[in-house]
Amino acid sequence: MKPAIQIHEIGNYMLRSYLLETPQGWIAVDSGYVGGFAAYRKRLGRLTTPNNVKYVFLTHAHNDHTGFLGELAHESGARLVLNEQSLPRLASGENAMPQGTGFTTRMGVMLSSMMKHSSFPPVRPDETAILLKSEADQPFLAAGLPIRVVFLPGHTADSVGLFLEETRELLCGDATGNAIIAPTRQAVLMEDVPEFARSWDKIIALNPSRIYPSHGNPFAPEDLAKYRKRLDKITLFYPKKG
Ligand SMILES: [Fe+2]
């Protein structure tokens with residue numbers, strides 16, 4: 001039998017745009033870079049109409065995920081579902097880089113210095129938004145959908161993912177990565193390494209059937225067990241000041 005929730009993907013290898021088709025409408029996971037809404041809407045239109053998107057779930061407030069979040073929520077009329085900790089980040093319109101944030105590869109530092117900006121149009125969620133304070137808040141389960149919100153901090157403090165209970169598939173935002181820049185499945189940027197490692201332990205314990213990162217290809221969970229030990233001795237690289 002076909003599972004109740006279907007995963008669709010309308011982005012690309014470097015930045016995935018997942019959409020969940022559910023019996024209660026569609027859930028968009030994140031948006032994309034600023035200026036990307038017209039192309040996104042076109043690709044979305046091949047699957048459904050914007051007003052069928054009932055929720056937009058934000059995995060974390062980085063500019064590659066939030067660039068057209070406001071436009072997507074406005075045009076679809078969807079309710080935003082987000083970590084409460086994303087609010088100040090969204091309002092600032094700038095990627096937060098709390099003390100201690102660093103990159104797991106020198107390449108990451110290089111790429112970050114090449115990026116022109118890390119800003120996005122500030123987003124102030126309206127009164128329909130669903131704010132997640134902890135994993136006690138499970139709006140999809142409460143609505144009868146077999147989708148569990150999982151808190152996965154480390155890449156950022158506000159990182160959250162979605163676990164599809166029926167198929168045991170995990171959409172994890174940037175709590176893991178599998179693009180060419182992250183060969184050992186870790187994120188390129190981390191705010192808190194021990195917390196990131198604990199989130200991996202949590203994912204491993206969750207025993208997902210497949211992991212869908214926001215960057216790169218979906219992969220088997222065994223990869224995390226294989227690379228987990230590296231996180232205990234990871235050294236971050238920091239961009240030069242000035
Ligand atoms: Fe990110």
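This passage describes the sheet, two of the helices and one loop residue of a predicted model.

The sheet is open and is formed by six strands in the order E1-E2-E3-E4-E5-E7, with mixed pairing. Strand E1 (6–9) and strand E7 (130–132) each have a single partner strand and stand at the edges, so one side of each is left without a neighbour in the sheet. On average, and with direction ignored, neighbouring strands of this sheet are turned by 20 degrees against each other. E1 and strand E2 (residues 18–22) run antiparallel and are joined by four bridges. Within this pair, Ile7 stands opposite Leu20 in E2.

Helix H3 (69–76) lies across E3, E4 and E5, and runs at about 160 degrees to E4. The buried residues of H3 are Leu69, Gly70, Leu72, Ala73 and Ser76. These buried residues fall within an arc of 165 degrees when seen down the axis of H3, so they line one face of the helix. The cover over the buried residues of H3 includes three strands, E3 (25–29), E4 (53–57) and E5 (79–83), together with the helices H1 and H2 (63–66). After H3 comes Gly77, which has a positive phi, near 75 degrees.

Helix H1 spans residues 37–45, and its buried residues are Phe37, Tyr40 and Leu44. Seen down the axis of H1, the buried residues fall within an arc of 60 degrees, so they line one face of the helix. Packing of these buried residues is against H3. The exposed residues Ala38, Lys42 and Gly45 are carried by the face of H1 that is turned away from its buried side.

The loop between H3 and E5 contains Ala78. A residue counts as buried if 20 or more other C-beta atoms lie within 10 Å of its own. Ala78 has 23 other C-beta atoms within 10 Å, and is therefore buried. When its neighbours within four places in sequence are left aside, Ala78 is in contact with Ala28, Val53, Lys54, Tyr55, Val56 and Ala73. One of these contacts, Ala73, is itself among the buried residues of H3. Ala78 and Ala129 are separated by 51 residues in sequence, while their C-alpha atoms are 8.8 Å apart in space.

Notes: Residues numbered from 1 in each chain as written. Predicted model: local features only at pLDDT ≥ 70, side-chain atom pairs only at ≥ 80, totals over all residues. Buried ≥ 20, exposed ≤ 12 C-beta atoms within 10 Å, placed from the backbone. Helix = DSSP H or I, 4+ residues; strand = E, 2+ residues; numbered from the N terminus. Arc of directions from axis to C-beta. Contact = placed C-beta atoms within 7 Å. Pairing = 2+ DSSP bridges. Axes fitted to C-alpha atoms, helices over the stretch in contact; angles between N-to-C directions.
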